[in-house]
Amino acid sequence: MRLDVDHIRAGYGPINVLNNVSLSLAQGEFLGVLGHNGMGKTTLLSAIMGLLPLTGGDILLHGNSIRARPTYARARLGIGYVPQGRQIFPQLTVRENLAIAAAANGRRSSTAIEQVLCDFTMLEKLIDRVGGLLSGGEQQILALARCLCGDPKLILLDEPTEGVQPSIIEQMIEVLAQLHRTRNLSVILVEQNLDFIRSLASRIIVLEKGRIVHSAAGDIAESIVAAGLAPMRTAAEKSPL
């Protein structure tokens, strides 16, 4: 799915966070977004998803403006969102979390669940467990699987490694790389774990005070250092369960 963000501005009340941000994402591209806390990374994803109204600019899918479309309509157009903090339904089982996501996008739940369990095999043994009893890493896997139940063509991921143990981070890398390759998904990944983003993204942008200050492809590690963003979190750092 091709996405074009055209000089958008967005924020919270009178506070403008994004200032004329423009970027293009090609079909099947994996874009990483870096930046310190408070620089506008989550705001960018929220604006693309329609959770925040734009105060300027436009967002286009395949050349068609979606600025006026509500969040649910953007989801049905093929945009999936995995927010920071997972936001699963803690009182519902894994199966019920997945079924709700499939139904919301008009898919048959049994088919969608069967498909995502092939990709996220660790959820098979947890399928009837209540979401609130899962570890942080298991909840993140569930959040990813729930997003895929909607059969998105573009996925927005907001810091998926936060609070997740290294072993599950490695599983996420493997699954995301496979899904990106086999489904030709377009992905925008907001992340501060350098090892994680280096393993997946083919291009990065750096946000600073609501503006893109750096963009690079190729040697991402070198680009990160040049942008003054090291050191940040790495997979070697201890993460809670």
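**Reading contacts and burial in a predicted model**

Colleague: With which residue does Asp-119 form a salt bridge, and how far apart are the closest N and O atoms?

Modeller: A salt bridge is a side-chain nitrogen of Lys or Arg within 4 Å of a carboxyl oxygen of Asp or Glu. In this predicted model, Asp-119 forms one with Arg-183, and the closest N and O atoms are 2.8 Å apart. Asp-119 belongs to helix α4 and Arg-183 to helix α6 (residues 166-183), so the pair ties together parts that are 64 residues apart in sequence. Helices (H or I, at least four residues) and strands (E, at least two) are DSSP runs, numbered from the N terminus; the protein has 8 helices and 10 strands.

Colleague: On what terms should the numbering and the values be read?

Modeller: Residues are numbered from 1 along each chain as its sequence is written, and side-chain values use heavy atoms, with hydrogens and water left out. As this is a predicted model, local features need pLDDT of at least 70 and side-chain atom pairs count only at pLDDT 80 or more, whereas totals for chains, interfaces and linings use all residues.

Colleague: Which elements have the lowest and the highest mean pLDDT?

Modeller: pLDDT is the predictor's confidence in each residue, from 0 to 100. The protein has a mean of 87, with 90% of its residues at 70 or more. Among its elements, helix α8 (residues 220-226) is lowest, with a mean of 58, and strand β4 (residues 54-61) is highest, with 97. The pLDDT falls below 50 over residues 234-241, a stretch that has 20 contacts (heavy atoms within 4.5 Å) in the model beyond near neighbours in sequence.

Colleague: How many salt bridges does the structure hold, and which parts does the pair of Asp-128 and Arg-95 tie together?

Modeller: The structure holds 6 salt bridges. Asp-128 and Arg-95 are one such pair, with N to O at 3.4 Å. Asp-128 lies in the loop between α4 (109-119) and α5 (136-148), and Arg-95 in helix α3 (residues 94-104), so the pair ties together parts that are 33 residues apart in sequence.

Colleague: Are the partners in these salt bridges buried or exposed?

Modeller: Buried means under 20% relative accessible area, exposed over 50%, and partly exposed in between (1.4 Å probe, protein chains only). Asp-128 is exposed at 54%, whereas Arg-95 is partly exposed at 38%. Arg-183 is also partly exposed, at 22%. In another salt bridge, Asp-4 meets Arg-2 with the closest N and O atoms 3.1 Å apart; Asp-4 is buried at 17% and Arg-2 partly exposed at 35%. Of the 241 residues of the protein, 52% count as buried.

Colleague: What surrounds Gln-139?

Modeller: Gln-139 is in helix α5 and is buried, at 16% relative accessibility. Leaving aside residues up to four places away in sequence, Gln-139 touches Arg-86, Ile-88, Gly-131, Gly-132 and Leu-134. A polar atom of the Gln-139 side chain lies 3.3 Å from the backbone oxygen of Gly-131; a polar contact is a pair of N or O atoms within 3.5 Å, where within protein one must be able to donate a hydrogen and the other to accept it, and residues adjacent in sequence count only if both atoms are side-chain atoms.

Colleague: Where is Met-122 found, and which residues does Met-122 touch?

Modeller: Met-122 is in the loop between α4 and α5 and is buried, at 14%. Beyond residues up to four places away in sequence, Met-122 touches Glu-138, Ile-141, Ile-168 and Gln-171. Met-122 and Gln-171 are 49 residues apart along the chain, and their C-alpha atoms are separated by 9.6 Å.
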